[in-house]
Each structure stands twice: as C-alpha cells, then as structure tokens.
Amino acid sequence: MLLTDLTAASMADELAGYGLVTDAGIAIEKGKIAWIGPMAECPGEYASFDKYPCGGRLVTPALIDCHTHIVHGGNRAQEFEMRLEGASYEEIARAGGGIVSTVKATRDTGDADLLASALRRVDALIAEGVATVEIKSGYGLDQETELKMLRVARAVAKERPIHVSTSFLGAHAVPAGSDADVYIDEICIPTLIAAHAEGLVDVVDGFCEGIAFDAAQMRRVFVAAKALGLPVKLHAEQLSNIGGTALAAEFGALSADHVEYATDADAAKLAKSGSVAVILPGAFYAIREEQAPPVNAFRKHGVPMAVATDWNPGSSPLGSLLLAMNMACTLFRLTPAEALSGATKNAARALGLADRGVLAAGMRADLAIWDVQSPAELSYGIGINPLHKRIFGGEL
C-alpha cells in the first residue's frame with residue numbers, strides 16, 4: 001500500500017519537533033514502513049502499490065498508551081465522592097479503600113467478565129488511534145488473581161487488533177492484614193516467577209511509596225526480575241520522595257512513572273540511566289495533587305518524557321490518551337510536540353519497544369490518520385477525537 005496526499009509527523013529523532021514531511025507519501029510492505037518521504041522523491045518500485053489517498057490529512061505514528069491498569073473488577077466512584085467531601089487519597093487507602101478495595105472486586109470477578117470489561121476500555125483507546133497498550137496486574141495480590149489478570153491481558157491482544165505489553169505489578173499494595181516484607185518474599189516474588197514461567201510477563205513494575213513499598217522492598221523485587229532477565233519500571237515519587245526514582249535509575253529501569261516529587265538530582269540520574277519519565281496527568285488531576293513533576297529538570301537533563309492515561313478505577317479513571325496529552329500541556333506545560341512525542345516514540349521507549357513510535361523505514365506500520373491540519377491540534381482539543389483511520393501492522 002502507498003499512502004499519498006498527506007503531511008507526515010514522522011517524530012524521527014534526527015528531525016526537530018514533529019519531523020514534518022509535507023506533500024508526503026508512505027509505502028507499506030509486509031506490515032512495515034518501506035519508505036517515507038516527499039512524493040516527488042518516491043522510488044519507482046512503489047509506484048505499483050495500491051494507492052490510499054489521505055486527502056491532505058496528517059499522519060502520525062499510531063499512539064501508544066504506556067501505563068494502564070485496564071484489567072480490573074468494579075469501580076471506585078464512591079471514593080470519588082469521598083475525595084470531594086474532603087478525604088485524601090492516602091486517607092482513603094489507609095481506611096481500607098483505594099487499591100485494596102479494587103483487589104476484592106477483581107478477585108471476585110471471573111475471567112470472562114474481566115476480559116469483557118477490559119475490551120470495552122481498549123476499544124475506547126483503539127478508537128483514538130492507539131495501537132499499543134501496556135496493561136498491569138496488581139489488583140490480585142495473591143498468585144491466583146495476579147496470574148488471572150495477566151492471562152486476561154494477553155487475551156486482549158487475541159481479541160482485538162492491538163499490541164499488549166504486560167507488566168507484573170505484584171508489588172502494588174500490601175494486602176489487608178499482611179506484613180509488607182512477608183508479602184514481598186512469600187507471595188510477590190514467587191508469583192512473579194510463576195508468571196514468568198507461563199510467559200505472561202514483559203516488564204516488572206512496583207509502587208514505591210509510603211502507602212505501598214519502600215525502596216529496600218522494591219529492590220528485592222527488582223533483583224528477582226533481573227535474575228529472570230526481565231526489564232523493570234516503577235511507580236515512583238507520586239505522593240512523596242522516598243528514593244524510588246533513584247532506585248529505578250540504579251537498575252536501568254525502562255521508566256519511572258508519576259514522578260511528581262522527583263528532584264533535579266533524580267532527573268540527572270534518570271538521564272544517566274536512559275530511563276523515561278512517564279507523565280500521568282490524569283492521576284494528578286483526579287486526586288487534586290498540587291506538586292507538578294519537574295518538567296524543566298527533565299528538559300535540562302535530557303530525560304525523555306512519555307505521556308499516558310494511567311487508566312485505573314481509583315486515581316485516574318481516564319479513558320482518553322488524547323485528553324491526557326491535552327492535560328500534560330495544560331497542567332504541566334509540555335509543548336504539543338513534547339506531548340505527541342510522549343504518546344509515540346517516548347512511550348515506545350518506556351516499554352522497551354524499538355520498532356514503533358516513529359515513521360521511518362523498517363518500523364512497524366502502525367499509523368494514525370487524523371482530520372487535522374496541524375499536529376498541535378491533537379493536544380489542543382478537549383474531548384475531541386479527530387481520528388480518521390488507524391492502520392495496524394499495515395492493515396486498514
């Protein structure tokens with residue numbers, strides 16, 4: 001297939017900003033991009049390809065949501081009301097709400113119902129041009145349910161045209177009545193080993209926070225992950241600074257996520273390790289956080305920034321990556337080019353996926369065609385979905 005009559009936002013690293021190519025064409029062969037450039041320079045070998053005129057529209061890499069919790073049971077609308085009545089996220093969690101309440105609902109929900117609800121959520125993301133989504137476990141906190149969640153996440157990719165990257169998040173919260181250290185050693189790590197043996201884990205994640213696990217406890221999980229040859233990432237510095245970002249950098253994590261309370265020194269460590277800072281404005285907005293992530297420090301040190309929905313039932317019931325991009329710009333002052341980079345090439349990097357997120361020869365042909373004139377419109381609109389067509393693996 002040869003896409004014609006388009007403007008391409010290639011997001012290529014060697015090009016500034018969006019890497020715009022005007023009057024462009026994109027040749028697709030065997031599920032990959034074979035060529036991209038001005039149509040005037042199109043090689044003759046692609047002239048016989050089936051033409052798909054884009055009508056002057058903008059084409060970008062398909063979007064990537066690199067941080068979600070879309071496999072879960074129940075919802076936490078009641079906690080939304082509690083927060084509006086004055087309770088903090090931490091107070092709700094310590095009173096038995098928060099993550100632990102979703103754990104009960106997820107344990108009580110069967111595989112088929114978990115999959116059905118996850119598919120409704122992933123359909124909303126696909127409708128916005130998302131072709132890759134990360135899905136975490138973490139609402140089981142026992143071996144049976146953690147494995148169930150990961151199996152459902154794998155099933156999502158069999159039921160829909162989307163790539164799913166799974167993250168084992170056994171270290172998400174301490175089960176009610178449990179000791180954190182005992183849980184890590186006797187439940188979390190053995191469950192990780194079992195999940196890896198079943199081929200269910202792409203990345204290992206954790207929640208390093210005062211209401212979850214400290215850096216020493218997370219270190220044990222990361223050591224186990226590395227022994228299995230698995231990359232790591234970490235929820236770090238969302239509500240306070242207890243050393244999670246520094247730990248992530250030490251282990252060469254793919255990403256440190258949230259990072260509202262990260263410091264300039266943390267940013268320097270992430271830059272040295274090559275880790276991505278994943279910005280999650282939905283959680284910042286939903287729990288009415290006041291500490292913004294140190295975006296200027298990330299810029300200063302050259303830390304790549306990704307943007308994701310963090311779609312979850314408690315702190316970020318946000319089902320729109322386009323809205324997350326707008327919020328990243330409005331709340332954190334990312335530029336529209338940074339936001340689009342955050343939902344394409346930097347999101348791919350945050351998942352360790354080197355074959356997508358950029359329009360370039362040899363990359364996966366995951367594309368989004370938009371009814372917009374300028375790429376800034378993707379972050380400008382609030383509740384607007386200008387997607388014209390999504391191409392997944394070269395298929396319309």
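Two strands are said to pair if DSSP finds at least two bridges between them. With that rule in hand, the exercises below examine a predicted model.

**Exercise 1.** Decide in which sense strand β11 and β12 pair, and over how many bridges.

*Solution.* Begin with strand β11, which covers residues 276–279 and is joined to β12 by three bridges. Since the rule asks for at least two bridges, the two strands count as paired, and their sense is parallel. Next, look for a position where they face each other: alanine 277 stands opposite methionine 305, which belongs to β12.

**Exercise 2.** Work out the order of the strands in the open sheet of eight strands, and find which are the edge strands.

*Solution.* Reading across the sheet, the order is β5-β6-β7-β8-β9-β10-β11-β12, and the pairing is parallel. The edge strands, each of which pairs on one side only, are β5 (63–65) and β12 (305–307). Neighbouring strands are turned against each other by 25° on average, direction ignored. Finally, add a helix to the picture: α5 (residues 143–159) lies across β6 (130–136) and β7 (163–171), and runs at about 170° to β7.

**Exercise 3.** Identify which residues touch the most other members of the largest nonpolar core, and which helix gives the most to this core.

*Solution.* The core holds 98 residues, and those touching the most other members are Leu63, Val156, Val201, Val204, Met218, Phe298 and Trp370. Helix α12 (residues 321–332) gives the most, with eight residues. Now follow one residue further: leaving out residues up to four places away in sequence, tryptophan 370 touches several partners, including Leu63, Leu322 and His388. Another core, of 19 residues, lies apart from the largest one, and among its members are Ala12, Val21, Ile33 and Val59.

Methods. Residues are numbered from 1 along each chain as its sequence is written. This is a predicted model: local features need pLDDT of at least 70, side-chain atom pairs count only at pLDDT 80 or more; totals for chains, interfaces and linings use all residues. Side-chain values use heavy atoms; hydrogens and water are left out. Helices (H or I, at least four residues) and strands (E, at least two) are DSSP runs, numbered from the N terminus. Axes are lines fitted to C-alpha atoms, for helices over the stretch in contact, and angles run from 0 to 180 degrees between N-to-C directions. Contact means heavy atoms within 4.5 Å. A nonpolar core is a set of buried Ala, Val, Leu, Ile, Met, Phe, Trp, Tyr and Cys residues joined through side-chain atoms within 4.5 Å. Buried means under 20% relative accessible area, exposed over 50%, partly exposed in between (1.4 Å probe, protein chains only).
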